[in-house]
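Biologist: I'd like a close look at one thing here, the salt bridges. Walk me through the pairs slowly, please, and tell me how each partner sits relative to the surface.

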Amino acid sequence: RVLDAEGLALGSVIASSKKARRDLIDDSFNRYSYNEEEGELPEWFTEEERQHRRRQLPVDRQTVEAYRQRWKEINARPIKKVAEAKARKKKRMLKKLEQMKKKAEAVVSTVDISEREKVAQLRRIYKKAGLAKEKRQVTYLVAKKGVGPRVRRPPGVKGQFKVVDGRLKKDVRAQKRKEQKKKRHK
């Protein structure tokens with residue numbers, strides 16, 4: 001069973017001292033031990049009880065925080081398989097680059113075709129290798145009320161642009177705010 005930071009802190013207290021372990025067992029019998037859920041109580045009451053009738057753990061915050069930090073460090077380390085997969089991907093990419101370079105040199109060194117044809121062939125080689133993909137910069141425009149998806153290019157906007165719904169944008173922001181609020185209260 002994988003323990004969280006509080007569980008590990010409690011475990012360290014139990015392992016360190018016999019007296020602390022005995023006191024912990026003695027303290028486990030209290031009014032919170034048999035806190036059964038009753039169906040007759042109103043929902044707001046049970047919600048408040050769940051929030052406020054939580055027993056404080058007999059461990060200090062520094063110990064719990066230290067275990068949290070340790071977990072973060074462990075989770076931050078890349079998994080061996082992930083690192084191997086990335087290395088394989090890089091190796092394949094380098095191999096592809098080498099092959100592409102050879103093909104490009106062969107195209108450039110041919111004399112009997114025009115410059116335009118050479119450029120077209122080079123483009124094809126790059127595209128086939130998957131290296132010609134460039135992420136286009138997309139400018140988002142918030143549509144005004146009553147305007148459909150077909151909008152003339154506004155002045156000052158260069159390149160590709162996309163018309164988006166302002167209401168949807170606000171709804172997404174509100175949803176994010178709600179999630180942030182929930183996280184803070186936990």
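**Salt bridges along the helices**

Modeller: Let's start with Lys19, which is exposed, since its relative accessible area is 53% and the cut-off for exposed is over 50%. Bear in mind that this is a predicted model. The side chain of Lys19 meets that of Asp23 in a salt bridge, with 3.3 Å from N to O. As for how the two come to be about one helical turn apart, that's because they are four residues apart in helix α2, which covers residues 18-27. Asp23 has 29% relative accessibility, so Asp23 counts as partly exposed. So this pair joins an exposed lysine to a partly exposed aspartate.

Now go along to helix α4, residues 61-76, where Glu65 and Arg68 are three residues apart and therefore separated by about one helical turn. Their side chains meet in a salt bridge too, at 3.7 Å from N to O. Both partners are partly exposed: Glu65 has a relative accessible area of 40%, and Arg68 has 34%. This pair also belongs to something wider, as Glu6, Glu65 and Arg68 are linked in a network of salt bridges. If you're clicking through the model, bring up Glu6 along with the helix α4 pair.

Helix α6, residues 115-129, holds another pair: Glu115 and Lys118, three residues apart, or about one turn of the helix. Here the salt bridge between the side chains comes in at 3.8 Å from N to O, and the cut-off is within 4 Å. The two ends of this bridge fall into opposite classes. Lys118 is buried, because its relative accessible area is 12% and buried means under 20%. Glu115, by contrast, reaches 58% relative accessibility, so Glu115 counts as exposed.

As for the overall tally, a search of the whole structure finds four salt bridges. Among them are Lys19 with Asp23, Glu65 with Arg68 and Glu115 with Lys118.

One last stop, for contrast with all that charge. Leu41, Trp44 and Phe45 form a nonpolar patch on the surface, and together they have about 300 Å² of accessible area. Trp44 sits in helix α3, residues 43-52, and counts as exposed because its relative accessibility is 57%.

Conventions:
Residues numbered from 1 in each chain as written. Predicted model: local features only at pLDDT ≥ 70, side-chain atom pairs only at ≥ 80, totals over all residues. Heavy atoms only, no water. Patch = residues over 30% accessible without salt bridge, like charges linked within 9 Å, V, L, I, M, F, W, Y side chains within 5 Å. Areas by Shrake-Rupley, 256 points an atom, 1.4 Å probe, with all protein chains shown as cover. Buried < 20%, exposed > 50% of the residue type's maximum accessible area, 1.4 Å probe, protein only.
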